[in-house]
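Here's a friendly walk through a protein model, starting with a pair of rings and then zooming out. Have a look at the structure first, then read on.

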Amino acid sequence: MGRENWYILQTEKGREYEGADLIRRVVPKSLYTLCSIPKKEKPFRHEGIYHPVEDIMFPGYIFIRSEDPEKLHKELQKSREFPQFVIFGKDDKGEDELVPISAQDLSFLQEVCGAKLQEVCGITDITLGDNKQLLEVRGVLEHYVDRIVKLNLHKRFAVAEVPLFNRRQKIFFGIRLSEDKYRTV
């Protein structure tokens, strides 16, 4: 057995919870320690009041931590219903190579979704200046202000482009303006 790492599984969009539940019920627990679906909060406006709504951060993907990905891969291949590993390449024999999430990618994921990738990426509070420039950013987006490529004030989201999964990935972050009326729980 090797060192425990995080890996990415792919499933159909909209079936992430079903896939994770199937894994938890059928795959031996000895083959993995955590199975997570990273989530984010986004604002939804109804009658002038914003309500936080949870959404899946990476539709079609499940993240799993395993010490023995090869055995887990074989177990998942037994059924077409299971989510399958995202294959990042081939080894020198031409076999599928299961590559763990890189340290840099895992650092980003844990910063926005917690160490176990099970915390909801929250909404970021922002204060705007006269020309709608960002004066203050408080929340997870504050670490990525220099990477914002789109700011949609009407729908209350920002898009930051971050290096993730061997490409530049656009990540949507929910935002809240200081003047917004927000539902409190």
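Are phenylalanine 58 and phenylalanine 165 buried or exposed? Both of them are buried. Keep in mind that this is a predicted model, so every value here is computed from it.

**The aromatic corner**

Let's stay with those rings for a moment. The structure holds seven aromatic pairs. One of them brings together phenylalanine 58 and phenylalanine 63: the ring centres sit 5.8 Å apart and the planes make an angle of 55 degrees, so this pair counts as tilted. Phenylalanine 58 also pairs with phenylalanine 165, and here the centres are 5.7 Å apart with the planes at 70 degrees, so the pair is edge-to-face. That second pair links distant parts of the chain, since its two partners are 107 residues apart. Phenylalanine 58 sits in the loop between strand 4 (49-56) and strand 5, while phenylalanine 165 sits in the loop between strand 13 (157-164) and strand 14 (167-177). Put the three together and you get one aromatic cluster: Phe58, Phe63 and Phe165.

**The whole protein**

Now step back. The protein has three helices and 14 strands. Its C-alpha atoms fill a box of roughly 60 × 35 × 25 Å along the principal axes. There are 185 residues, and 43% of them count as buried. If you take contacts between residues at least 6 apart in sequence, 59% of them join residues at least 24 apart. On the outside, the protein exposes about 11,100 Å², with carbon and sulfur atoms supplying 46% of that. As for charge, you'll find 30 positive and 30 negative side chains, and the centres of the two sets lie 3 Å apart.

**Strand 1 and its partners**

Strand 1, residues 5-10, is mostly covered, with five of its six residues buried. Which strand is joined to strand 1 by six bridges? That's strand 5 (residues 61-66), and the two run antiparallel. Within this pairing, tyrosine 7 has isoleucine 64 of strand 5 as its bridge partner. Strand 1 also pairs with strand 6 (residues 84-85), again in the antiparallel sense, over two bridges. There, glutamine 10 stands opposite glutamine 84.

**Two buried loop residues**

Loops can hide residues too. Isoleucine 37 lies in the loop between strand 2 (34-36) and strand 3 (39-46). Leaving out residues up to four places away in sequence, isoleucine 37 touches Glu16, Tyr17, Ala20, Ile56, Tyr61, Ile62 and Leu117. The C-alpha atoms of isoleucine 37 and glutamate 16 are separated by 7.2 Å, though their positions lie 21 residues apart along the chain.

Valine 27 belongs to the loop between helix 1 (16-26) and strand 2. With the same neighbours in sequence left out, its contacts include Leu22, Tyr32, Leu72 and Phe82. Valine 27 also touches Glu75, and the C-alpha atoms of that pair are 7.1 Å apart although the two are 48 residues apart along the chain.

How buried are the residues we've met? Here are four of them, each counted as buried because its relative accessible area is under 20%.

| Residue | Relative accessible area |
|---|---|
| Isoleucine 37 | 7% |
| Valine 27 | 4% |
| Phenylalanine 58 | 6% |
| Phenylalanine 63 | 1% |

Notes
Residues numbered from 1 in each chain as written. Predicted model: local features only at pLDDT ≥ 70, side-chain atom pairs only at ≥ 80, totals over all residues. Heavy atoms only, no water. Helix = DSSP H or I, 4+ residues; strand = E, 2+ residues; numbered from the N terminus. Buried < 20%, exposed > 50% of the residue type's maximum accessible area, 1.4 Å probe, protein only. Contact = heavy atoms within 4.5 Å. Areas by Shrake-Rupley, 256 points an atom, 1.4 Å probe, with all protein chains shown as cover. Lys, Arg positive; Asp, Glu negative; His and termini not counted. Charge placed at Lys NZ, Arg CZ, Asp CG, Glu CD. Pairing = 2+ DSSP bridges. Phe/Tyr/Trp six-rings, centres within 6.5 Å; stacked < 30°, edge-to-face > 60°.
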